[in-house]
Amino acid sequence: MRYKLTFVAGLALGYVVGTRAGRERYERMKKAAQDFARNPAVRNAAESAAQTGRQYAGKAAHVVGDKVGDRLPPAVTDRVSALRGRGRSNGRIGEDDDWGTSNT
């Protein structure tokens with residue numbers, strides 16, 4: 001019985017110490033990730049990659065729409081036409097997009 005009680009006490013102590021150390025490590029990793037995400041160079045790179053992706057997606061949508069648009073049902077064609085006009089300003093897709101802006 002004494003060995004079982006010693007084992008359970010050791011297990012409980014190991015659990016408490018392990019979870020505290022694990023929590024501290026988690027907090028450090030969380031802080032490092034937040035610092036990385038707040039870095040202006042990282043934010044600029046992510047924003048330019050997203051902008052490039054939006055431009056290519058817009059071009060691809062136009063190409064696909066032009067090639068298969070006449071073979072799609074009218075409801076789908078109307079929806080694609082409506083989406084093409086949304087978010088355009090001076091011929092550039094996504095120019096009025098506020099992605100990446102901070103409201104904090």
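Which residues form a nonpolar patch on the surface? In this predicted model, the patch consists of Phe7, Val8 and Leu11. Together these three residues have about 330 Å² of accessible area. Val8 lies in helix 1.

The overall architecture is as follows. Three helices and two strands make up the secondary structure of the chain. Their order along the sequence is α-α-α-β-β. The chain has 104 residues, and 4% of them are buried. Its accessible surface amounts to about 9000 Å². Carbon and sulfur atoms account for 60% of that surface.

Two salt bridges were counted in the model. One joins the side chains of Arg23 and Glu27, with an N to O distance of 3.0 Å. This distance falls within the 4 Å cut-off for a salt bridge. Helix 1 covers residues 2–38. Arg23 and Glu27 are four residues apart in this helix, so about one helical turn separates them. An α-helix has 3.6 residues a turn, so residues three or four places apart point the same way. Glu27 has a relative accessibility of 32% and therefore counts as partly exposed. The class of partly exposed residues lies between the limits of 20% and 50%.

The other salt bridge links the side chains of Asp35 and Lys31. Here, too, the N to O distance is 3.0 Å. Asp35 and Lys31 are also placed in helix 1. Their spacing is four residues, which means a separation of about one helical turn. Asp35 is partly exposed, because its relative accessibility is 38%.

Helix 2 was examined for its length and for contacts at its start. This helix runs over residues 40–68 and contains 29 residues. At 1.5 Å a residue, the helix should span 42 Å. The expected span is based on one less than the number of residues. The C-alpha atoms at the two ends of helix 2 are 41 Å apart, which agrees with the expected value. At the start of helix 2, Asn39 makes a contact through its side chain. A side-chain oxygen of Asn39 comes to within 3.0 Å of the backbone nitrogen of Ala41.

Technical notes
Residues numbered from 1 in each chain as written. Predicted model: local features only at pLDDT ≥ 70, side-chain atom pairs only at ≥ 80, totals over all residues. Heavy atoms only, no water. Buried < 20%, exposed > 50% of the residue type's maximum accessible area, 1.4 Å probe, protein only. Polar contact = N/O pair within 3.5 Å; in protein donor to acceptor, adjacent residues only side chain to side chain. Patch = residues over 30% accessible without salt bridge, like charges linked within 9 Å, V, L, I, M, F, W, Y side chains within 5 Å. Areas by Shrake-Rupley, 256 points an atom, 1.4 Å probe, with all protein chains shown as cover.
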